[in-house]
Amino acid sequence: MQGVMKGVFIKTYGCQMNVYDSARMVKLLAPLGFLPVMAPNDADLVIFNTCHIREKAAEKVYSELGKIHRLKIAKAHRGGTMIVAVGGCVAQAEGAEILHRVPFVDLVFGPQSYHRLPELVVRALREDGVRVLDTNFPAEPKFDYLPEASAAAGVTAFLTVQEGCDKFCSFCVVPYTRGAEYSRPVVQVLTEARHAVGAGVREITLLGQNVNAYHGESPDGRNWGLGELIRGLAELPGLDRIRYTTSHPGDVDDGLIAAHRDVPQLMPFVHLPVQSGADRVLAAMNRRHTADVYRQIVDRLRSARSDLALSSDFIVGFPGESEEDFLATLDLVDEIGFAQAFSFKYSRRPGTPAAFARDQVPESVKSYRLDVLQRLLKRQQRDFNEACVGQILPVLLEKPGRHDGQLVGRSPYLQSVHVAAPARLGEIVPVLISAASTNSLAGSLAPAAAA
């Protein structure tokens, strides 16, 4: 196959970790002659890199596969071949069921197997009629077998430092699809970050299913926590901003809080999911913290960094959630205040303990509660954004805007900022904020920067 250029199209669902994984898949497949293409019609290999977090995730994948089937048939009529593969968390959870339900899928592989993707694709191509399934959890860490990450295409980049989760929240499939917690060695992380910065990256977001559980081995044989890793990254010349996501309240330790106090490159924005403000629901979720413990963690973070802004996740209508429980969530939101948040109705995930609960909340009640919560969260987000009007914020300019003379960047608080400015992509500039909406800010270069 080498020397024959073929097209690969990857459709990525869900979290930033899947975006990171898809980029690595492209690099893995290059030695086989596969180059990325923009549309499945032009592809010889189509990969769905799936996510199991959202409601009806598997059914959406099956629907998309139906569209690909028509393209695969058309390519066969032209004398060509299209390999169809399903990877990621839905592949891990559904496994053989995908091969059973969708006869034209050639390859199914889990998120811990994608370092073996070239071998799996070759098998699918060479073994006539043989369909390939690889959803094992290999003993070897996949990161030890991956090629170096490609140079980043922009001024921001994701970097996976941790995978898997040992928490086993009763609503979540991650421990079953991504496996046990694994932290990449410090040297691997620093090397990848150094290459990214050398390619022009100025902001890195550290990724993990439970990123603040990071405990990577350092060259001296110790395990570094996330706070130590952040301090190590902050020593890289040219790396101006560091972020991390997603965190668990139970793993916010003294070292991480101290990093927020001491490391100026660490942005004052933390995504810290709480899920509910009711202790009874948190216990049923197996979250391993109470609402008051969450409040105490927030207080400690804000004491370390007074301008820190928070984001969170919420689930409404969890089995057994009463009206009193829901009101406790609203009280917690009111008390803490969030700059951003994600909120969802509870939906069953096959194989998780909560899916078997008998006291499921009616759909109409879940919809009502979600509407009430989202109205409150959106108001808080709008208020936070409007409080920025009149301030001068440092904005990392990332890309051209939709209008002439406009650039788009991010504030320290992860807000999208539209800036009237000449082309200065990759720079961090002071921006006088003149307008705010629920989802973004607008402004112009502060006088000193405009000169």
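**Exercise 1. Two helix pairs**

Task: In this predicted model, determine how helix H8 and helix H9 are oriented to each other, and which residues make the contact.

Solution: Begin with the geometry, in which H8 (residues 226–234) and H9 (residues 254–262) pack at an angle of about 30°, with their axes 7 Å apart. Because angles under 35 degrees count as roughly parallel, H8 and H9 are roughly parallel to each other. Turning to the residues, H8 contributes Leu 226, Gly 227, Ile 230 and Arg 231 to the contact, while H9 contributes Gly 255, Leu 256, Ala 258, Ala 259 and Asp 262. Sorted by class, the residues of this contact are five nonpolar, two polar and two charged. The spacing on each helix can be read against a general rule: an α-helix has 3.6 residues a turn, so residues three or four places apart point the same way.

Task: Work out the orientation of helix H12 and helix H13 and describe the make-up of their contact.

Solution: The axes of H12 (residues 323–336) and H13 (residues 363–386) lie 11 Å apart and enclose an angle of about 5°, which makes H12 roughly parallel to H13. On the H12 side the contact involves Glu 323, Phe 326, Thr 329, Leu 330, Val 333 and Asp 334, and these meet Arg 369, Val 372, Leu 373, Leu 376, Leu 377 and Gln 380 of H13. The classes represented in this contact are seven nonpolar, two polar and three charged residues.

**Exercise 2. Buried residues and cores**

Task: Identify which residues touch the most other members of the largest nonpolar core, and trace the contacts of Leu 233.

Solution: The largest nonpolar core has 54 residues, of which Ile 204, Leu 206, Leu 226, Ile 230, Leu 233, Tyr 244 and Phe 338 touch the most other members. Once neighbours within four places in sequence are set aside, Leu 233 is in contact with Leu 190, Ala 193, Leu 206, Leu 239 and Ile 242. A second core, separate from this one, has 23 residues, including Val 8, Ile 10, Met 25 and Leu 45.

Task: Establish which residues of helix H5 are buried and which elements they pack against.

Solution: In H5 (residues 117–126), the buried residues are Leu 117, Pro 118, Leu 120, Val 121, Val 122 and Ala 124. These buried residues pack against helix H1 (16–29) and against strands E2 (34–36), E3 (45–50), E4 (83–87), E5 (107–109) and E6 (132–134).

Task: Decide whether Glu 163 is buried or exposed, and find a polar contact of its side chain.

Solution: Glu 163 belongs to strand E8 (residues 162–163). Its relative accessible area is 2%, and because buried means under 20%, Glu 163 is buried. The side chain of Glu 163 makes a polar contact, at 3.4 Å, with the side chain of Gln 112.

**Exercise 3. Backbone exceptions**

Task: Locate the residues Phe 168 and Arg 288, give their phi values, and classify their exposure.

Solution: As background, most residues other than glycine have a negative phi, and most peptide bonds are trans. Phe 168, in the loop between E8 and helix H6 (174–177), has a positive phi near 55°, and at 39% relative accessibility Phe 168 counts as partly exposed. Arg 288, in the loop between helix H10 (279–284) and helix H11 (291–304), has a positive phi of about 65°, and with a relative accessible area of 54% Arg 288 is exposed.

Task: Find which two residues are joined by a cis peptide bond.

Solution: The cis bond joins Thr 245 and Thr 246, with omega about 0°. Thr 246 is placed in the loop between strand E13 (241–245) and H9.

Technical notes
Residues are numbered from 1 along each chain as its sequence is written. This is a predicted model: local features need pLDDT of at least 70, side-chain atom pairs count only at pLDDT 80 or more; totals for chains, interfaces and linings use all residues. Side-chain values use heavy atoms; hydrogens and water are left out. Helices (H or I, at least four residues) and strands (E, at least two) are DSSP runs, numbered from the N terminus. Buried means under 20% relative accessible area, exposed over 50%, partly exposed in between (1.4 Å probe, protein chains only). A polar contact is a pair of N or O atoms within 3.5 Å; within protein, one must be able to donate a hydrogen and the other to accept it, and residues adjacent in sequence count only if both atoms are side-chain atoms. Axes are lines fitted to C-alpha atoms, for helices over the stretch in contact, and angles run from 0 to 180 degrees between N-to-C directions. Angles under 35 degrees count as roughly parallel, over 145 as roughly antiparallel, 65 to 115 as roughly perpendicular and the rest as oblique. Contact means heavy atoms within 4.5 Å. Ala, Val, Leu, Ile, Met, Phe, Trp, Tyr, Cys and Pro count as nonpolar, Asp, Glu, Lys and Arg as charged, and the others, Gly among them, as polar. A nonpolar core is a set of buried Ala, Val, Leu, Ile, Met, Phe, Trp, Tyr and Cys residues joined through side-chain atoms within 4.5 Å.
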